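Student: I would like a close look at one buried position and its setting in the chain. Please start from that residue and work outward to the parts around it, noting where the coordinates deserve caution.

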Amino acid sequence: MPTSSRPSRSRAAPQARPAIDLALQGGGSHGAFTWGVLDALLEDGRLAIDGISGTSAGAMNAAVLASGWARGEAAGARAALAKFWQAIGGVAGCWAPPGPSLPAWAFNRDQWPGYALWDNWLKLWSPAQLNPFKLDPLRDIVAAHVDEDALRHGPLKVFVAATSVRSGQPHVFSGTELSIDALLASACLPQSAQTVVIDGEAFWDGGFSGNPALWPLIYGTASDDVLLVQINPREHDGIPQTAVEINDRVNEITFNASLVAELRAIAFVQKLLADQRVDPTRYKALRMHRIADEPGLAPFDASSKLNTDPRLLRQLFELGRRAAQAWLHSDLPAVGKRSSMDAQALFLAPRGP
């Protein structure tokens, strides 16, 4: 993990609002939870967003937010995010998802009759075999809701992580590298989408190597505060028994592994700073914060991440808004002063049963 050399910063008068970076995890349709978080943060307006690092659905949220912000700051970003997720859910115009709220299990596709048979059949074929004409409705939605110029030259710094198929290493797109292709690469699960090739390099989902990548925020922004919006669960009660349950838990562990590794490196640097063993003018005294709702998301299993039912997206949105409002009430005063997330306790300490 690279060390965290501080970016240069001006001596301008301090902002009235504390600046913060956002780190947005990926998770398919569960990215609607992050949409709810962002909507509440933007509505509140007491934080100034400096940079955003996102992976997969987190990258989509980051790009749409930045596009809307360039047009109309917070109000523009909220409207852009709402329109994007309405398009994902197939709902045009004002948000009015049909039908009543449903229990979480109704959105878990692996609970549907015949799902296992269908899923196993699909696994016999690659995306290239199933989709030889390269039809990609997600590309059309992203292109309609993301302004590439705003990503590259807008007021918010955006970092998008994908995984190099050749090296297995993360590649972070930023600045002039940002594009619709970069966003699709960040969200490319090779079991269900065709590999994205950019300048001759093949890419898969960024979740394999950085979910989300934190180091671009350390190097590329002036803010010392990072707010992690986490949607992949850290823990799983009980022992997975079925093949589906085992596969789901393997994916959860895999898609959190890179985050845990980065947090471990950050914790090491912070300890060196606290012990005055490194130059504080060259390393960030990083303050970490976190918004999550693991109990609220727990009933929605991994198969629901492929479900774009507008009622599911709305329920996840509301969960995210409530989680953000709770964080604003309890932890906003810590921004600019101290960490409100204990990374050692949450991610790094041994945890017993």
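**S53 and its surroundings**

Tutor: S53 has a relative accessibility of 1%, and because the cut-off for a buried residue is under 20%, S53 counts as buried. The model under discussion is predicted. Within it, S53 belongs to strand 2, which covers residues 48-55. Leaving aside residues up to four places away in sequence, S53 touches L22, A23 and L24, together with F159, P212, A213 and L217.

The burial of S53 can be set against the chain as a whole. Of the 353 residues, 49% count as buried. The chain is built with twelve helices and eight strands. Among contacts with a separation of 6 or more, 79% are between residues 24 or more positions apart. The accessible surface of the chain amounts to about 17,000 Å², and carbon and sulfur atoms contribute 56% of that area.

Another serine offers a second view of a buried position. S258 is part of helix 9, and its relative accessible area is 12%; as this is under 20%, S258 is buried. Beyond residues up to four places away in sequence, S258 touches G207, S209, G210 and N211. For one of these partners, G207, the C-alpha separation from S258 is 8.1 Å, although their positions lie 51 residues apart along the chain. Helix 9 itself runs over residues 243-274; it has 32 residues, and the distance from its first C-alpha to its last is 46 Å, close to the 46 Å expected at 1.5 Å a residue. Helix 9 nevertheless bends by about 35° at A257. Just after helix 9, Q276 adopts a positive phi of about 55°.

The next element to consider is helix 1, in which the aspartate D44 is placed. With a relative accessible area of 29%, D44 is partly exposed, because that value is neither under 20% nor over 50%. D44 touches L328 and L332 when residues up to four places away in sequence are set aside. The C-alpha atoms of D44 and A74 are 9.5 Å apart, with 30 residues of separation along the chain.

Helix 1 as a whole is mostly covered, with twelve of its 14 residues buried. The buried residues include G31, A32, F33 and T34, as well as W35 and D39. Its end C-alpha atoms are 20 Å apart, which agrees with the 20 Å that 14 residues should span at 1.5 Å a residue. Just after helix 1, G45 has a positive phi of about 75°.

What do the aromatic rings add to this picture? Six aromatic pairs are found in a search of the whole structure. In one of them, the ring centres of W35 and W85 are 6.2 Å apart and the planes lie at 5°, so this pair is stacked. W35 lies in helix 1 (residues 31-44) and W85 in helix 2 (residues 57-88), so the pair ties together parts that are 50 residues apart in sequence. W35 and W85 are both buried. Ring pairs also join W35 and W85 with F84 and F317 in a cluster.

A further pair, F173 with F203, is edge-to-face, with 5.3 Å between centres and 70° between planes. F173 is in strand 4 (residues 170-174) and F203 in strand 6 (residues 201-205), so this pair ties together parts that are 30 residues apart in sequence. F173 and F203 are each buried.

Finally, a word on confidence. The mean pLDDT of the chain is 85, and 82% of the residues reach 70 or more. Over residues 8-14, however, pLDDT stays under 50, and the model has three contacts for this stretch beyond four places in sequence. Residues 93-98 also have pLDDT below 50, with 14 contacts in the model beyond near neighbours in sequence. Where pLDDT is low, the predicted coordinates should not be read in detail.

Key: Residues numbered from 1 in each chain as written. Predicted model: local features only at pLDDT ≥ 70, side-chain atom pairs only at ≥ 80, totals over all residues. Heavy atoms only, no water. pLDDT = per-residue confidence, 0-100. Contact = heavy atoms within 4.5 Å. Helix = DSSP H or I, 4+ residues; strand = E, 2+ residues; numbered from the N terminus. Expected span 1.5 Å × (residues − 1). Bend = angle between axes of the 7 residues up to and from the residue. Buried < 20%, exposed > 50% of the residue type's maximum accessible area, 1.4 Å probe, protein only. Areas by Shrake-Rupley, 256 points an atom, 1.4 Å probe, with all protein chains shown as cover. Phe/Tyr/Trp six-rings, centres within 6.5 Å; stacked < 30°, edge-to-face > 60°.
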